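Student: I'd like to go through this model and ask, label by label, what earns each one.
Tutor: Fine, bring it up and we'll set the values against the definitions.

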Amino acid sequence: MNAERLATAEDMRSYGARLAARLRPGDLVVLSGPLGAGKTTLVQGIAEGLKVRGPITSPTFVIARVHPSLRQGPPLVHVDAYRLGGDLEVDDLDLDASLEDSVTVVEWGEGLVEGLSDDRLEIHIDRETGDEARTVTLRGIGPRWGDTPSDRPEE
């Protein structure tokens with residue numbers, strides 16, 4: 001897998017906005033990385049690129065938020081699976097009901113939501129010590145993404 005280094009939070013949001021140009025209804029994006037890695041910041045960029053209603057904040061206690069499109073595009077379903085205890089709690093969210101019509105982004109979803117779709121984009125974010133920089137690694141799974149790792153959204 002290839003990785004891209006992003007120096008600032010603004011770079012992370014910009015990366016998310018560029019990534020949004022590749023996303024379409026039915027896409028599942030699974031975000032992983034340590035606390036404070038920048039997962040929500042990336043989702044803010046994706047939301048900006050998709051032109052959905054905000055604000056985009058971590059849905060840790062709400063678990064999931066739907067952000068409708070402001071321009072006839074797909075809504076963004078933003079999920080934070082950090083507090084979920086397992087597959088049954090994921091099932092209770094009924095994410096598969098809206099998956100086909102939305103772009104669904106799940107923070108902390110690794111190991112929990114892969115069963116929702118044969119196609120998904122996995123994004124891992126690592127923090128670098130001592131500065132604001134992050135390393136973002138993308139991996140496409142399934143026919144939609146060509147099972148091909150990709151390190152950057154199309155410019």
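What follows is a question-and-answer walk through the labels used for this model.

Student: What makes a residue count here, and how are residues numbered?
Tutor: This is a predicted model, so local features need pLDDT of at least 70 and side-chain atom pairs count only at pLDDT 80 or more, while totals for chains, interfaces and linings use all residues. Residues are numbered from 1 along each chain as its sequence is written, and side-chain values use heavy atoms, with hydrogens and water left out.

Student: How do you know which elements the chain has?
Tutor: They are DSSP runs, numbered from the N terminus: H or I over at least four residues for a helix, E over at least two for a strand. On that basis the chain has four helices and eight strands, in the order β-α-β-α-β-β-α-α-β-β-β-β.

Student: What makes Lys-51 "partly exposed" and Gln-72 "exposed"?
Tutor: Buried means under 20% relative accessible area, exposed over 50%, and partly exposed in between (1.4 Å probe, protein chains only). Lys-51 has 42%, so it is partly exposed; Gln-72 has 81%, so it is exposed. Across the chain, 46% of the 155 residues count as buried.

Student: Why single out the phi values of Lys-51 and Gln-72?
Tutor: Because most residues other than glycine have a negative phi, and most peptide bonds are trans. Lys-51, in the loop between α2 and β3, has a positive phi of about 60 degrees. Gln-72, in the loop between β3 and β4, has a phi near 70 degrees.

Student: And what is the omega of the bond from Gly-54 to Pro-55?
Tutor: Omega is near 5 degrees, and the bond is cis. Pro-55 is in the loop between α2 (39-50) and β3 (64-67).

Student: Why is β4 called largely enclosed?
Tutor: Five of its five residues are buried, so the rest of the structure largely encloses β4. Leu-76, His-78 and Asp-80 point one way, Val-77 and Val-79 the other. That fits the general pattern: in a regular strand the side chains alternate between the two faces of the sheet.

Student: How do you know which strands pair with β4?
Tutor: Two strands pair if DSSP finds at least two bridges between them. β3 and β4 have four bridges, in the antiparallel sense, with Ala-64 opposite Val-79. β4 and β5 run parallel and are joined by five bridges; there the partner of Val-79 is Val-106.

Student: In which sense does β6 pair with β2, and in which with β7?
Tutor: With β2 the pairing is parallel, over four bridges, and Ser-32 has His-124 of β6 as its bridge partner. With β7 it is antiparallel, over eight bridges, and Ile-123 stands opposite Leu-138. The hairpin of β6 and β7 has six residues between the strands, and Gly-130 takes a positive phi near 90 degrees there.

Student: What makes a group of residues a nonpolar core?
Tutor: The members must be buried Ala, Val, Leu, Ile, Met, Phe, Trp, Tyr or Cys residues, joined through side-chain atoms within 4.5 Å. The largest such set has 25 residues, and those with the most contacts inside it include Leu-42, Ile-46 and Ile-123. Among the elements that each supply at least two residues are α1 (9-20), β2 (28-32) and β7 (134-141), but α2 gives the most, with five. A second, separate core of eight residues includes Val-30, Val-79, Leu-99 and Val-106.

Student: Which residues does Leu-42 touch?
Tutor: Contact means heavy atoms within 4.5 Å. Leaving aside neighbours within four places in sequence, Leu-42 is in contact with Met-12, Tyr-15, Gly-16, Leu-31, Ile-123 and Ile-125.

Student: How do you know that a charge sits over the ring of Trp-145?
Tutor: The rule is that NZ of Lys or CZ of Arg is within 6 Å of the ring centre and within 35 degrees of the ring normal. The charged end of Arg-144 sits over the Trp-145 ring, 4.1 Å from its centre. Lys-39 likewise lies over the face of Trp-108, at 4.1 Å from the ring centre.
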